[in-house]
Amino acid sequence: MINLAKIDKQIIWHPITQDKIADLPVIIKEGMGPYLIGQDNKKYLDLISSWWVNLYGHANPHIAKAIYEQALKLEQVIFAGFSHEPAINLCMGLQKILPQPLKRFFFSDNGSSATEIAIKMAFQYWFNQKDYNKKSYISFAGGYHGDTIGAMSVGQSPLHRTFGALLFKNHHIPFPQTWDGDLDVELKEEISLNALQEIIKKHKDEIIALMVEPLVQGANGMQICRPSFLEEICKLTREAGILVIFDEVMTGFGRTGKNFAFEHIDFVPDIICLSKGLTGGFLPLALTIATEKIFEAFLGNNMQVAFTHSHSYTANPLGCAAAIASLELLVKAETTENISTIKEAHTIGLQKLLATEAKLEKFRQIGTIAAFDMVLPDDLDLFKVALSLRRKFIEAGYIIRPLGKTLYLLPPYCTSAQELEQFYENISAIIAEEF
Ligand SMILES: Cc1ncc(COP(=O)(O)O)c(C=O)c1O
């Protein structure tokens, strides 16, 4: 057997990887349901949905067939001055599951672009109305909206510290993370609310928008806040005349137990960003969806007020065909049942761990996402712990990527209750040697 991993190590530059000390990559030859299968035929349960994109399992035949059939008809066409049935059908399909105000669909091809577009769109919304004071955003401390310059500036991820000098200034409020049995949640929420009110009082005229990962901060350790808090900050922000952008790149399409995170609250944002699960995890595609009011601010008799942002692969027909097929699966009763099964399996698993595992804490869950933190001595190198744990999970046949002290599960919806139960039973033995 050719050692592909060794060849890879010599020629490929992997993302978020310290190549000097990283293990050889695991070469995956195929996928099947919630499993990925290695070159050596070893099966791995993909408990992180391959960076949170996969919804219905790997190589799902319904989505694969839709892409194949579309590829035989039309693979790509310029999207300025031209359009096509898959793009139009996808937007009409999404309109059925989105609230009425969110009706203008702007395509791109990854989550960072979707958020970068939202950032630019919100800026130009004010600019087109001759409000030239608007120059900054409010977001959560530790938030992650992608790796492009605008997305890094509005977010505040520790991953982006190196680029500080390149980023523009914004305002950040604390994220009141909570968990099972947390006694301080109200105090944390009050601190965050006060911070928001203070920023609005001082800087209202310059603020373009509040941009948040709704309910769950993904990259910052699957931190979860309460819906009532999210609703309150959104309403406060809108009352101040500031736009609200929800980055649902990770939370979209059922992850939180509802189609979109904003469905947990009584509030419809002005702009939402979707990607990751949009195509069920098959192809890169993204959408920035705005209200008609935002869209109308870009209408005029010259290009000056138009939104001059584009990507070569905008609304790629294959991606759109995959997204339509994925949407067909999302609205099936079977998917709703699978999501409930995962929710229940997490709840049972977390309760067992809470009762038996003293090395874990801060158990939290929303929908199909479960997370908990490892109780580690302060002087441990978290990066090395993560590397070592990842290796142990791989050996045990699980794909898990610790985020700092946090371990989380975000499985494809076809993962069974038994598979999750087995994992919750095995985890103590896997992490045992690490502490
Ligand atoms: C909330 C959120 N926004 C944006 C992004 C960026 O998406 P992409 O990796 O597709 O650029 C991510 C990726 O993890 C994300 O979690």
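**Exercise 1. Find the surroundings of Gln70.** Determine which residues Gln70 is in contact with, leaving aside its neighbours within four places in sequence, and decide whether Gln70 is buried or exposed.

*Solution.* Start with the contacts in this predicted model: once the neighbours within four places in sequence are left aside, Gln70 is in contact with Pro86, Pro317, Leu318 and Ala321. Next, place the residue in the fold, where Gln70 belongs to helix α3, which covers residues 61-73. Finally, turn to accessibility: buried means under 20% relative accessible area, and Gln70 counts as buried because its relative accessibility is 9%.

**Exercise 2. Examine a salt bridge inside helix α3.** State how far apart the side chains of Lys65 and Glu69 are, N to O, in their salt bridge, and work out how their places in the helix relate to a helical turn.

*Solution.* The side chains of Lys65 and Glu69 meet in a salt bridge with an N to O distance of 3.2 Å. The two residues are 4 residues apart in helix α3, and therefore about one helical turn separates them. As for the surface, Glu69 has a relative accessible area of 38%, which means that it is partly exposed.

**Exercise 3. Compare other salt bridges.** Explain which parts of the chain the pair Lys235 and Asp266 ties together, and then describe the salt bridge of Lys384 and Asp381.

*Solution.* Begin with the distance: the side chains of Lys235 and Asp266 meet in a salt bridge of 3.6 Å, N to O. Lys235 lies in helix α8 (residues 227-239), while Asp266 lies in the loop between β10 (243-247) and β11 (271-274), so the pair ties together parts that are 31 residues apart in sequence. With a relative accessible area of 31%, Lys235 is partly exposed, whereas Asp266, at 57%, is exposed.

For the other pair, the side chains of Lys384 and Asp381 meet in a salt bridge at 3.9 Å, N to O, and Asp381 is partly exposed with a relative accessible area of 37%. To complete the picture, the structure holds 13 salt bridges, and Glu186, Glu189 and Arg226 are linked in a network of salt bridges.

**Exercise 4. Describe the interface of domain 1 and domain 2.** Give the bounds of the domains, find how many residues of each are in contact, and characterise the area buried between them.

*Solution.* According to the domain assignment, the protein chain has domain 1 (63-330) and domain 2 (333-410 + 421-435). Their C-alpha centres lie 28 Å apart, and 20 residues of domain 1 are in contact with 17 residues of domain 2. The area buried between the two domains is about 1500 Å², and carbon and sulfur atoms give 68% of this area. On the side of domain 1, the residues that lose the most area to domain 2 are Trp179, Met222 and Arg255, which together account for 37% of what that side buries.

Now consider the interactions: there are 0 salt bridges between domain 1 and domain 2, but 5 residue pairs are in polar contact across the interface. The elements that give two or more residues to the side of domain 1 that touches domain 2 are β9 (223-224) and α10 (317-330). The residues of that side divide into 9 nonpolar, 9 polar and 2 charged.

**Exercise 5. Contrast two aromatic residues in one loop region.** Decide for Tyr313 and for Phe298 whether the residue is buried or exposed, and find which residues each touches, not counting residues up to four places away in sequence.

*Solution.* Tyr313 has its place in the loop between α9 (292-296) and α10, and Phe298 is likewise in the loop between α9 and α10. Tyr313 is exposed, because its relative accessible area is 53%, while Phe298 counts as buried at 11% relative accessibility.

For the contacts, residues up to four places away in sequence are not counted: Tyr313 touches Gln76 and Asp109, and the residues that Phe298 touches include Met121, Gln124, Tyr125 and Asn128. Lastly, look at distances along the chain and in space: Tyr313 and Phe79 are 234 residues apart in sequence but 8.1 Å apart, C-alpha to C-alpha, and Phe298 and Phe127, which are 171 residues apart along the chain, have C-alpha atoms separated by 9.8 Å.

Note on methods: Residues numbered from 1 in each chain as written. Predicted model: local features only at pLDDT ≥ 70, side-chain atom pairs only at ≥ 80, totals over all residues. Heavy atoms only, no water. Buried < 20%, exposed > 50% of the residue type's maximum accessible area, 1.4 Å probe, protein only. Contact = heavy atoms within 4.5 Å. Domains from an automatic or database assignment. Buried area = accessible area lost by both parts, 1.4 Å probe. Salt bridge = Lys/Arg side-chain N within 4 Å of Asp/Glu carboxyl O. Polar contact = N/O pair within 3.5 Å; in protein donor to acceptor, adjacent residues only side chain to side chain. Nonpolar A, V, L, I, M, F, W, Y, C, P; charged D, E, K, R; others polar.
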